[in-house]
Amino acid sequence: MNAVARGSPPKVAGEPVVLTPSSVHLMENHDGAYYIWRDLGVKDRILVHIDAHHDMWWAEDTKASLVTIANFICPALKEGIVREVFWVVPDATWESARARRPVWQHVKLIAKGFSKGGPSAVIGMREGRLKAVLLGKPVTVCPLRLLPALGDDVLLDIDTDYLLIPRVTCWNYEDHSPVPWLWPRDLVKRLEEAGIRSTVRTVVYSVEGGYTPLKWKYLGDELAARLGGSKDSWLDGLEVMNDGARAEQRGEREAAARIYSEAARRLPDSAAPWFRLALLYADSGQTEEGRNCYREAVRRDSSYVTAYSSQGFHFEWREEPERSEQEHSRMLAIAPQDPYAYLGMARLAARKKKWAEAEDWLRQSIEAHHSLMDAYRILAKVLVQQKRYGEAIEAYERSLKLALAGARPIDLILTHPAQHVFLDPEHSLIHARLARLYSLTGADRKAVTGFRISIGAGCDFPVLRFRLARVYFRQKHAGKAAAEIWAGVRRLPVTMWRACRRWVRRTGLRLGTVLLG
Amino acid sequence: MTSRIKISDDVLFQELQGEAVLFNLKSGVYFGLDTTGTRMWQLMSEHGALSDVVKAMMQEYDVTEERCAEDLVNLVEKLKEHDLVSVE
């Protein structure tokens, strides 16, 4: 017998790590860099952050809230780990005033957020670089060619996605270039030419979240190897991989396959050449060979089984459903049991309101992965559309249980795996949906609790108050019902004002996108 | 085991397929309970006295008194930590 308590509040501590000061630290999620700096006892350093994303959103209280891949530089600034930041953006971001606009937008928003914690402002363009101050500490944004000579031993921090995202964007999903706009060898050479000196170097893959496509994950290995001064056959093998990618880009598939096979021979422990071969075979209809190669890739590196094995979700978020479907289909060709590809297909079917088809995909997804929270949530929605409320309740309840046991949605901003925290931004909303279903099926007591949880957890919307009032009326609690109606009516002006603001913002964004192409 | 448990009025309990979630309206903290924890919670809200909870649990589960009491105390400690119950 064991009573298990779960869902405790966030812990911020990272895993204890043993670090050597001169090593290159390679990791998946970018917030891991903060824990490495902190555990090394780094203080008062210049950070050279080479990334297609700034990762500098304001974090109110980093002890209680979460350090994420989107804000980990904030605690580093607050705690005095970093005294100055250089955010090095991809070159094309700086080619015109229009291309720089998203960076301006970001920096304005960052400064606004940081102003809650201390002197923060955008200064403007100085010598071709964008300058700002956050918490009284200087921040400079520029491309690599404008990075000034820095005499110090800096914190060098590189995201692999920098090599693949040619332009910084704001509120849009970015484009990936078909081949890196800058290869690792050239980046390291340019850093050497710029005189960058660093004994604490962090390199991140950023595959999870879709920032670096999985097929380019090995570029992170190459960066780490080159920064670490490796000159062995491992690096030669990675160069062969790059030759293969270039051949593939030229449309020379057979040559690419030969080169990847050679890379697989030279890099016997790497999943990368096998994954590339699997994709090549899938594209040429040789599914059996593709499956074998994917199996070899996963055998070498289990992280190749992820929601981001393909770019299916990335294209879905970019509102490109056809490309998304192609990606998921290709994934299913090489991994017929891939739960994420099934989930992706289901999401696409649900968008088209093909409920039966969506349900079919979801059942296969759940069959392949019994604890995939997203699958249960979409299944519940699909079942509600078919008025199968009892089954929908079951699916929503299962998803809540999974969330409490630590499952997280696939599109959530990620945190370092060392943080075992409760991460389910939709949790209170799901309680509301579930409460409505309880109410529809006559489970009034559970409906009341569900609505109260949802409202108490932040979903204090008039519609939920009115629904709760209706249940109270049914239970003949007129006083409680009246109180809920009054609370709902009082919330109406605020809710309507917010809805209007959202509409204006969305319309403005759409209009802006149309006008700016 | 002579203590009594008082469940805070700000705590909501929702059962989810044999397991449960507790939600503290004041702190906004969710707290998940597995099947055994859920049963313990139900018995605590029914009886209040921890000794009665242990007795009831021993009738339902094949467990020694020591083990049952230890698990119950562990759960109560965690619940107290999150202001979900108080001990009288």
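Is Asp44(A) buried, partly exposed or exposed, and at what relative accessibility? This and the exercises below concern a predicted model.

**Exercise 1. Place Asp44(A) in the chain, classify its accessibility, and comment on its backbone.**

Step 1: Asp44(A) sits in the loop that runs between α1 and β3 of chain A. Step 2: its relative accessibility is 46%, and because buried means under 20% and exposed over 50%, Asp44(A) counts as partly exposed. Step 3: the phi of Asp44(A) is near 55°, which is a positive value in a residue other than glycine. For context, most residues other than glycine have a negative phi.

**Exercise 2. Carry out the analysis for Ser206(A), again taking location, accessibility and phi in turn.**

Step 1: Ser206(A) belongs to the loop between β9 and α5 of chain A. Step 2: with 7% relative accessibility, Ser206(A) falls under the 20% limit and therefore counts as buried. Step 3: Ser206(A) is a residue other than glycine with a positive phi, here near 60°.

**Exercise 3. Describe the surroundings of helix α1 of chain A, and say what the backbone does just after it.**

Step 1: helix α1 of chain A covers residues 32-40, and its buried residues are Gly32(A), Ala33(A), Tyr34(A), Tyr35(A), Ile36(A) and Trp37(A). Step 2: these buried residues pack against β2 (24-27), β3 (45-50), α2 (73-78), β8 (153-159) and β9 (197-204) of chain A. Step 3: just after α1(A) comes Gly41(A), which takes a positive phi of about 75°.

**Exercise 4. Identify the best-connected members of the largest nonpolar core, and follow one of them to its contacts.**

Step 1: the largest nonpolar core has 158 residues, of which Trp37(A), Leu187(A) and Tyr218(A) touch the most other members. Step 2: the greatest contribution to this core comes from helix α14 (residues 373-385) of chain A, which gives nine residues. Step 3: when neighbours within four places in sequence are left aside, Leu187(A) is in contact with Leu144(A), Ile158(A), Tyr162(A), Leu163(A), Leu182(A) and Leu223(A). Step 4: apart from this core lies another, of 24 residues, which includes Phe31(B), Met44(B), Ala69(B) and Leu75(B). As a general background, nonpolar side chains in soluble globular proteins tend to be buried together.

**Exercise 5. Work out how α5(A) and α6(A) are arranged, and list the residues that bring them into contact.**

Step 1: helix α5 (residues 218-227) and helix α6 (residues 233-249) of chain A pack at an angle of about 140°, and their axes are 10 Å apart. Step 2: that angle makes α5(A) oblique to α6(A), and the crossing is left-handed. Step 3: on the side of α5(A), the contact is made by Tyr218(A), Leu219(A), Asp221(A), Glu222(A), Ala225(A) and Arg226(A), while α6(A) supplies Trp234(A), Leu235(A), Leu238(A), Glu239(A), Met241(A), Asn242(A) and Ala245(A). Step 4: sorted by class, the contact of α5(A) with α6(A) has eight nonpolar, one polar and four charged residues.

**Exercise 6. Repeat the arrangement analysis for α17(A) and α18(A).**

Step 1: the axes of helix α17 (residues 444-456) and helix α18 (residues 462-474) of chain A come within 10 Å and cross at roughly 155°. Step 2: because angles over 145 degrees count as roughly antiparallel, α17(A) and α18(A) are roughly antiparallel to each other. Step 3: their crossing is left-handed. Step 4: from α17(A), the residues Asp444(A), Ala447(A), Val448(A), Phe451(A), Arg452(A), Ser454(A) and Ile455(A) meet Leu464(A), Arg465(A), Arg467(A), Leu468(A), Val471(A), Tyr472(A) and Arg474(A) of α18(A). Step 5: by class, the contact of α17(A) with α18(A) holds eight nonpolar, one polar and five charged residues.

**Exercise 7. Characterise His314(A) and Arg197(A) by location, accessibility and contacts.**

Step 1: His314(A) is part of helix α10 (residues 312-317) of chain A, and its relative accessible area of 5% makes His314(A) buried. Step 2: neighbours within four places in sequence aside, His314(A) is in contact with Tyr173(A), Glu174(A), His176(A) and Gly210(A). Step 3: Arg197(A) lies in strand β9 of chain A and, at 47% relative accessibility, counts as partly exposed. Step 4: with the sequence neighbours within four places again left aside, Arg197(A) is in contact with Gly151(A), Asp152(A), Asp153(A) and Val154(A).

Terms used
Residues numbered from 1 in each chain as written. Chains lettered and ligands numbered in written order. Predicted model: local features only at pLDDT ≥ 70, side-chain atom pairs only at ≥ 80, totals over all residues. Heavy atoms only, no water. Axes fitted to C-alpha atoms, helices over the stretch in contact; angles between N-to-C directions. Helix = DSSP H or I, 4+ residues; strand = E, 2+ residues; numbered from the N terminus. Parallel < 35°, antiparallel > 145°, perpendicular 65-115°, else oblique. Left-handed = near helix turned anticlockwise from the far one by under 90°. Contact = heavy atoms within 4.5 Å. Nonpolar A, V, L, I, M, F, W, Y, C, P; charged D, E, K, R; others polar. Core = buried A, V, L, I, M, F, W, Y, C linked by side-chain atoms within 4.5 Å. Buried < 20%, exposed > 50% of the residue type's maximum accessible area, 1.4 Å probe, protein only.
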